[in-house]
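Trainee: Could you take me through one part of this model closely, and then set it in the context of what surrounds it? I would like a single connected account rather than a list.

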Amino acid sequence: MKHTNFLRPLAVVLGLALGLPAQAGTYDITVDKVRIDTGTFKKNGIGYNGSQTPTILHFQEGEDVVIRVKNNLRESTSIHWHGLILPFQQDGVPGISFNGIKPGETFTYRFPIEQAGTYWFHSHSGFQEPDGAYGAIVIAPKGGESVPTNRDYVVQFTDKHPHSGSRIFRNLKASADYYNRAQRTAQDLIEDAGAEGLKAALQDRKMWGAMRMMPTDIEDVQGFTPLINGASTQQNWTGIFKPGEKVRLRLINSSATTYFDVRVPGLKMTVVQADGNDVKPVVVDELRIAVAETYDVIVQPREAKAYSIIGESAGRTAMVRGTLAPSAGMVGPYYKMRPQPLLTMADMGGMMSGMDHSGMDMGGMDMSGMDHSGMDMSGFDMSGMDHSGMDMGGMDMSAGMPVVPSEGAPGAAFYAPGSGLIPTAANGGKFLGYEDLTARKPLYRDRPATREIEIRLTGNMERYIWSIDGVKYEDADPIRLKYGERVRFKFVNETMMAHPMHLHGMWTIIDTGKGAYDPVKHTVSVAPGTTLYTETEVDAPGQWAFHCHLSYHMAGGMFRKVIVEGGPS
Amino acid sequence: MGAYSKETNHMKKLLLGTALGLPLALTFTSVAMAEVGVSPTVWGVRTDKLEYRMGDEENSFAWGFEAWTGNDELRLVWKSEGAKIEGGDFEEMDNQIRLQKPITDFFDGFIGVAASTPDGAPERYYGAFGVTGLAPQWFEVEAALYVSEYPYLGAEVEYEALLTNRLILTPSLEVSLPLADDPAREIAAGGGSVELGLRLSYDLIGRSVSPYVGVNYERAFGGTADILRDHGHEVDELTGVVGINFMF
């Protein structure tokens, strides 16, 4: 054993020098039951290698990896390598790529590392991922990082909840608003009546009540403690720097359901990579990381003081602070959480197209004194809508809803015009949007798509049912693609929630109008009431999972199997 | 001796309900799980009343709960409601087993069997057909026809007013309208009865434990009220209530 350890670095050096295929690294992971302590609560959960601190796997581009996964749980498990391009049998989805890893069993994954960047891995079995089964992957590029830095840290977010994933799912099925503790109350009604007049406030309630929807329904699951690298705010994960150094933060959102708005107050963040693929550097003050996305940002703290890494949930129900400091033991400042946003009718836009409007009387709404300026309805796709009994012109969109102009607002292009979800930077500066992402080098030649596939994201919030095209996974036929084709996906979000859609095995190129330079991702968030286009070069044979990455939406059935027909076997 | 056997009798009936319900529930549970992306079978238990009622003449314990299991397409529901006079009889004992299925976005239809087995009155069994769900403006409603020799219509409405996100005021209304005379149970066709409640609850531990205080008012009308008066009973009753609701 000692010999191999001693010889391996030598072999690597020789291999590199001779231009031989790189080393075959062997990595061991155990899947264990662990006691998770967030400082505010303790619970039983799952951890890799016996720890609530996520394991980081460091790979080298070009390496052939062998990963031995030992299942110490009393139930089956699996590991999916999120964002990695690999043979489908190694993709780790029980029932699609393999049969899972039985209790006590060790499964050996083998695949070549054909890419570089920040990725992550997680269980694809039951609710093990929300229960703690996730880790990070950092792959060093062959030629070194395109932007060199002095320090390099993984910053992995999660939304650790005191309840187990299966209990959360059960509670949501029993009552979809079980975890919504940000609902509008009698007190809000009084405040709104004071601000807008009682009539407007009541009209607003009436409108939402008619739909049986809640404008506060941004996060399905509240009451969690967000963690950075397994540490809560009070446990204070800390990255060390020397003033003036460039620090690369590999942001990964491994949450079950929570989007985070991330910033380092006092510092600009230069985004250099998204979902593992380098992008042209873009300087921002803040960014929103959807569930399962990764962003690499570079910050350069110049003062010898503690800076905070702030992750604020998009619904503003929870926040986590980590620290960047010149020495251990320092604590970055804590900031007050910003006010909770409310969904607007714009976020309902897609929902209405698929909705039965009977019993919804919007025609009689009072428009007097309404100001529509700054509101752009032209972006709505109303075709195919059933307008019977519904007068959109007469809809009161003013009451309590911030009206945000769609044009020119930072980070707003991929939200419905007038959406209540459009984020703004805490310091009033630049907020990253998908439109800001430009591939550093094209991964594929730009060519017209061979065909378009419409993916309607559908659901019933009250029943907590989630589906694609109105059909749940268990009732659906697989999506069949042909090897070698380029497919254009048209995502139409007909629900009131954002869905981070993840296609396994192949890249998802978001159409931002930049042709070959469109950003290449593995997960794309589709905001409520919007239509978004992506393209995929179908270059991976086999069968793959395709789903919403919100754990409870995936479990509910917002999921498809994708079969790639033809190609090398 | 008599009281003892009566009590055992009721325990038996409760057990019977459980015995019927659980195997069915397990049948459901064994179906699902396994595959990724496929909704596991879920279950829940929720009380909407578990309280001590303080009246002018007597005090009583009252309950109302629903236990269910199933999936998005079908749920098996055991609904139970009743009241026991402190140190005395079960003056109310209603159990239903239902199969519930979505019929619209917000409403389920259900069919089932219902048993009404209070002390000191003949037992009644019904076939139950109804709808239950969420009406516009957040009213929880239910309406059902109970079919037997002594049919009646039952309806319930409940609304949760959030004073804060944890302090919740819940007005409720329950109406039953007999469609046939049932003299042995002091009921006349068309002589409806109404139960009005107002409960102020506080979610102490998540939504799992919510203590509350409130008032409950019951009143009989029409022919039923006449029968009650003739028998020297009150036609209405106002009680103060204190209780704890559970959801798990």
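Mentor: Let us start with helix α2 of chain A, whose buried residues are covered by, among others, α6 of chain A together with β1 (42-54) of chain B. The model is a predicted one, and everything that follows should be read with that in mind. The buried residues of α2(A) are A:Gly165, A:Ile168, A:Phe169, A:Asn171, A:Leu172 and A:Lys173, and since their cover includes β1 of chain B, the helix leads directly to the interface.

In that interface, 31 residues of chain A are in contact with 23 residues of chain B. On the chain A side, the elements that give two or more residues are α2 (165-174), α3 (186-196), α4 (198-211) and α6 (551-556), and of these α2(A) gives the most, with 4 residues. By character, the chain A residues that touch chain B divide into 13 nonpolar, 11 polar and 7 charged.

Chain B has a helix α2 of its own, spanning residues 222-230, in which B:Thr224, B:Ala225 and B:Ile227 are buried. These three lie on the same side of α2(B), because they cover an arc of only 160 degrees around the axis. That buried side packs against β10 (167-178), β11 (193-202) and β12 (209-220) of chain B, whereas the face turned away from it carries the exposed residues B:Arg229 and B:Asp230. After the helix comes B:Gly232, with a positive phi near 75 degrees.

Two residues that are not glycines also have a positive phi, and they are worth setting beside that glycine. As a general matter, most residues other than glycine have a negative phi. B:Glu186, in the loop between β10 and β11 of chain B, has a phi of about 55 degrees, and it counts as partly exposed because it has 18 C-beta neighbours inside 10 Å. A:Ala292, in the loop between β16 (287-289) and β17 (294-299) of chain A, has a phi of about 85 degrees; with 26 C-beta neighbours inside 10 Å, A:Ala292 counts as buried.

From that loop we can turn to the interior. The largest nonpolar core has 141 residues, and those with the most contacts inside it are A:Ile137, A:Val271, A:Leu287 and A:Val297. Strand β8 (134-140) of chain A gives the most to this core, with 5 residues, and the core draws at least three residues from each of domain 1 (2-140) and domain 2 (451-565) of chain A. Leaving aside residues up to four places away in sequence, A:Val297 touches A:Leu249, A:Leu251, A:Met269, A:Thr270, A:Val271 and A:Val272. A second, separate core of 6 residues includes B:Ala114, B:Tyr126, B:Ala144 and B:Tyr150.

The two domains of chain A have centres separated by 25 Å, taken over C-alpha atoms, and their contact takes 10 residues from domain 1 and 11 residues from domain 2. The side of domain 1 that touches domain 2 divides into 6 nonpolar, 2 polar and 2 charged residues.

As for chain A as a whole, it has 6 helices and 30 strands, and 51% of its 569 residues count as buried. Among its contacts between residues at least 6 apart in sequence, 77% join residues at least 24 apart.

Definitions and conventions
Residues are numbered from 1 along each chain as its sequence is written. Chains are lettered from A and ligands numbered from 1 in the order in which they are written. This is a predicted model: local features need pLDDT of at least 70, side-chain atom pairs count only at pLDDT 80 or more; totals for chains, interfaces and linings use all residues. A residue is buried if 20 or more other C-beta atoms lie within 10 Å of its own, exposed if 12 or fewer, and partly exposed in between; C-beta atoms are placed from the backbone. Two residues are in contact if their C-beta atoms, placed from the backbone, lie within 7 Å. Ala, Val, Leu, Ile, Met, Phe, Trp, Tyr, Cys and Pro count as nonpolar, Asp, Glu, Lys and Arg as charged, and the others, Gly among them, as polar. Domain bounds come from an automatic or database domain assignment. The arc is that of the directions from the helix axis to the C-beta atoms. A nonpolar core is a set of buried Ala, Val, Leu, Ile, Met, Phe, Trp, Tyr and Cys residues joined through C-beta atoms within 7 Å.
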